[in-house]
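Colleague: Could you take a close look with me at one part of this model, the salt bridges that hold its strands to one another? I would enjoy a connected walk through that part and whatever surrounds it.

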Amino acid sequence: MSGAGYVRGSKSVVYENAWLRFEVHEMVHPNGTPGMHGVVATPPASAVVLIDGGDVLLVRQARYAVDRIVLEVVKGGLHAGEDALDCARRESREEAGVVAACWRSLGVTYEIPSVVQEPVALFLAEHLTPSPLPPEAVERIDVVRMPFADALEACADGRIDDAVTAIALLRARYVLERRE
């Protein structure tokens, strides 16, 4: 039995590519009811709030599942042998074209804990300098600079609706306010 009370049985892979695997699990719910549950297994991921003075650098890119352009913090999956901080550093260069002199962990969050298995490691990065890397071949990313307070307001009023971005910005605000 798991820590949450589930009894996990057999699993089968329904679909797999380089970015994710969809599994179907036989299981028993904590209340004793048998069932099946879908799990999306992805590589661990990192997301980073890039602070430049009073501004935050966000990225705007197309997201297939929702079929629209999304404004979000820099984020991406870990490569083999890469730790969460190294991933955040690489993604910052690939997506926003910057390196940071100061890094701080903001903990982890889960995108959709009912179906997505891996957490996203969150970071705050400051003291930015340009140092671009080429983006992945399938990506078209625009960097958006905005005052940090405006980004928080955009989360509150729904203009930014990516959950990882909202949580990362909220935690970054907490850290930045405590430091001042």
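Modeller: Gladly! One cut-off first: a residue counts as buried under 20% relative accessible area, as exposed over 50%, and as partly exposed in between. With a relative accessible area of 46%, Arg145 is therefore partly exposed. Please keep in mind that this is a predicted model.

Arg145 is a good place to begin, as its side chain meets that of Asp52 in a salt bridge, with 2.7 Å from N to O. Asp52 belongs to strand β4 (residues 45-52) and Arg145 to strand β10 (residues 141-147), so this pair ties together parts that are 93 residues apart in sequence. Asp52 is partly exposed as well, because its relative accessibility is 27%.

Arg145 also forms a salt bridge with Asp55, at 3.3 Å from N to O. Here the acidic partner lies in strand β5 (residues 55-63) while Arg145 is in strand β10, so the contact joins parts 90 residues apart in sequence. In general, side chains of opposite charge can pair when their charged atoms come close.

Asp142 has a salt bridge too: its side chain meets that of Arg140, with 3.5 Å from N to O. How exposed are these two? Arg140 is exposed, since its relative accessible area is 64%, whereas Asp142 is partly exposed at 31%.

Elsewhere, Arg63, Glu72, Lys75 and Asp162 are linked in a network of salt bridges. For the whole model, the count comes to 17 salt bridges, taking a Lys or Arg side-chain nitrogen within 4 Å of an Asp or Glu carboxyl oxygen as the rule.

Charge is one part of the picture, and aromatic rings are another. The structure holds one aromatic pair. Trp103 and Phe123 make up this pair in an edge-to-face arrangement, 6.3 Å centre to centre and with 75° between the planes. The two rings link distant parts of the chain, as Trp103 sits in strand β8 (residues 98-109) and Phe123 in strand β9 (residues 120-130), 20 residues apart. Both Trp103 and Phe123 are buried.

For the surroundings, let us turn to the open sheet of three strands, which has the order β1-β2-β3 and antiparallel pairing. β1 and β3 (34-41) are at its edges with a single partner strand each, so one side of each has no neighbour in the sheet. Neighbouring strands of this sheet are turned by 25° against each other on average, direction ignored. Between β1 and β2, the antiparallel pairing runs over seven bridges, and Glu16 stands opposite Arg21 in β2.

The loop between β1 (7-16) and β2 (21-28) is where Trp19 is found. What is the exposure class of Trp19? Its relative accessible area is 56%, so Trp19 is exposed. Together with Val14, Tyr15, Leu20 and Phe22, Trp19 makes a nonpolar surface patch of about 510 Å².

To come back to your request, Arg145 has salt bridges to Asp52 and to Asp55. I would start with those two contacts when you turn to the display.

Notes. Residues are numbered from 1 along each chain as its sequence is written. This is a predicted model: local features need pLDDT of at least 70, side-chain atom pairs count only at pLDDT 80 or more; totals for chains, interfaces and linings use all residues. Side-chain values use heavy atoms; hydrogens and water are left out. Patches are made of residues with over 30% relative accessible area and no salt bridge: like charges are joined within 9 Å, nonpolar side chains (Val, Leu, Ile, Met, Phe, Trp, Tyr) within 5 Å. Accessible areas come from the Shrake-Rupley method with a 1.4 Å probe; for residues, only the protein chains shown count as cover. Helices (H or I, at least four residues) and strands (E, at least two) are DSSP runs, numbered from the N terminus. Buried means under 20% relative accessible area, exposed over 50%, partly exposed in between (1.4 Å probe, protein chains only). Two strands pair if DSSP finds at least two bridges between them. Axes are lines fitted to C-alpha atoms, for helices over the stretch in contact, and angles run from 0 to 180 degrees between N-to-C directions. Rings of Phe, Tyr and Trp (its six-membered ring) pair if their centres lie within 6.5 Å; planes under 30 degrees apart count as stacked, over 60 as edge-to-face and the rest as tilted.
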